[in-house]
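Reader: I am new to this structure and would like a close look at a single part of it. Please take one pair of packed helices and stay with it.

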Amino acid sequence: MEKRIFNFSAGPAILPEEVLLDAQKDFFSYKSSGMSIMEMSHRGKIFDGIIKEADADLRKLLNIGENYSILFLQGGATLQFSMVPLNLMPPKNKADYIVTGAWAEKAVKEAKRVGTVNIAGTTKSDLYTRIPKQSELKLDPDASYVHFTSNNTIFGTQWRSEPEVGNVPLVCDASSDFLHKSIDVNKYGLIYAGAQKNIGPSGVVVIVVRKDLLERSSDTLHTYMNYKVHAENETMYNTPNTFGIYIAGLVFKWLLNMGGLDVMYKRNLEKANVLYDYMDESGDYYKGTVAKEDRSLMNVCLRLPNEQLEEKIIKEASAKGFSGIKGHRSVGGLRVSIYNAFPKKGVEALIEFMKDFKKNN
Ligand SMILES: *Cc1c(COP(=O)(O)O)cnc(C)c1O
């Protein structure tokens, strides 16, 4: 078999090897059907089974009740920046947004086209190096919903627990940490997640929406933009990304086989902690860029003593098979993404490399 590298890409990101091999086995002819998944009708019996299983497995993983619909749409998390306000803001036409990074800013930009956006909290003045405290939030009890970003992919911060928002529906962009641990879905009105960070290939966005909120979707919306239409048609209003949904379904099974999200979370904690612990022991050579209590388990952001060393380590790492550790262009430094599928042995190998680099530089 071909050798694989250690892939620290922020997204599209690493997938479980078991899933890739499983898909490879069935790629040419899916379970003796004589066709690839990509070549068969989305309304046929085989794909119908695949999407129903993906739905059922996701419900099992997160303990999602029948009062929620699951949709597998297209347009990425980016289209959700528009669909969320278009569907959920009326009739009050005002919503609260907690802004903790670049993705939240983009969500605000689209929401402002629909109605009034109240910035209920932001850490922009701290360059998004922390998550706001509950006491800092200025929530409007009459808002249509409160939107937050559970993990800030670019800045490397993550909410330890959801903001408390009373009876106002909570909406979450969970694109870069969906399924990294179990959450109480009942606390949420809607969760959306682009698949390409933690759950599958690009081109699919998973939406978990409480059914009573679907009544807010107006008939005057463009049809594809309407959650209620997608829910009534069980994702089949138009041709969905069949192959992407199939792969996401295999990832759900991989998580279930592992023992579920509590096991996954334990692994994620161990993996992130060895790296953060090493950084903290390195005497400011590898310096974390965000508040310790808000550090992300998925995207570890750090800086070296100067930019020359950062350029050098990225180059040397790449030559050694550690790919994708360059920080986002807006932040600089290094960003090491260690999503669910990333193996702990890869983190340990990276730390050994970082030790050598520090000794030699
Ligand atoms: C990557 C990302 C997005 C954008 O996802 P697309 O699929 O490119 O639209 C939005 N929010 C967060 C938190 C992300 O990490």
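Author: What follows describes the packing of two helices and then a salt bridge in one of them. This is a predicted model, in which local features need pLDDT of at least 70, side-chain atom pairs count only at pLDDT 80 or more, and totals for chains, interfaces and linings use all residues. Residues are numbered from 1 along each chain as its sequence is written, and side-chain values use heavy atoms, with hydrogens and water left out.

The pair is α7, residues 261–281, and α9, residues 344–360; helices are DSSP runs of H or I with at least four residues, numbered from the N terminus. Their axes lie 9 Å apart and form an angle of about 10°. Axes here are lines fitted to C-alpha atoms over the stretch in contact, and angles run from 0 to 180 degrees between N-to-C directions. α7 is therefore roughly parallel to α9, a term for angles under 35 degrees.

On the α7 side, Glu270, Lys271, Val274, Leu275, Tyr278 and Met279 make the contact (heavy atoms within 4.5 Å). They meet Lys344, Val347, Ile351, Met354, Lys355 and Lys358 of α9. Seven of the contact residues are nonpolar, none polar and five charged; Ala, Val, Leu, Ile, Met, Phe, Trp, Tyr, Cys and Pro count as nonpolar, Asp, Glu, Lys and Arg as charged, and the others, Gly among them, as polar.

Within α9, lysine 344 and glutamate 348 are four residues apart, about one turn of the helix. Lysine 344 forms a salt bridge with glutamate 348, with 3.8 Å between the closest N and O atoms; the term requires a side-chain nitrogen of Lys or Arg within 4 Å of a carboxyl oxygen of Asp or Glu.

Note on methods:
Helices (H or I, at least four residues) and strands (E, at least two) are DSSP runs, numbered from the N terminus. Angles under 35 degrees count as roughly parallel, over 145 as roughly antiparallel, 65 to 115 as roughly perpendicular and the rest as oblique.
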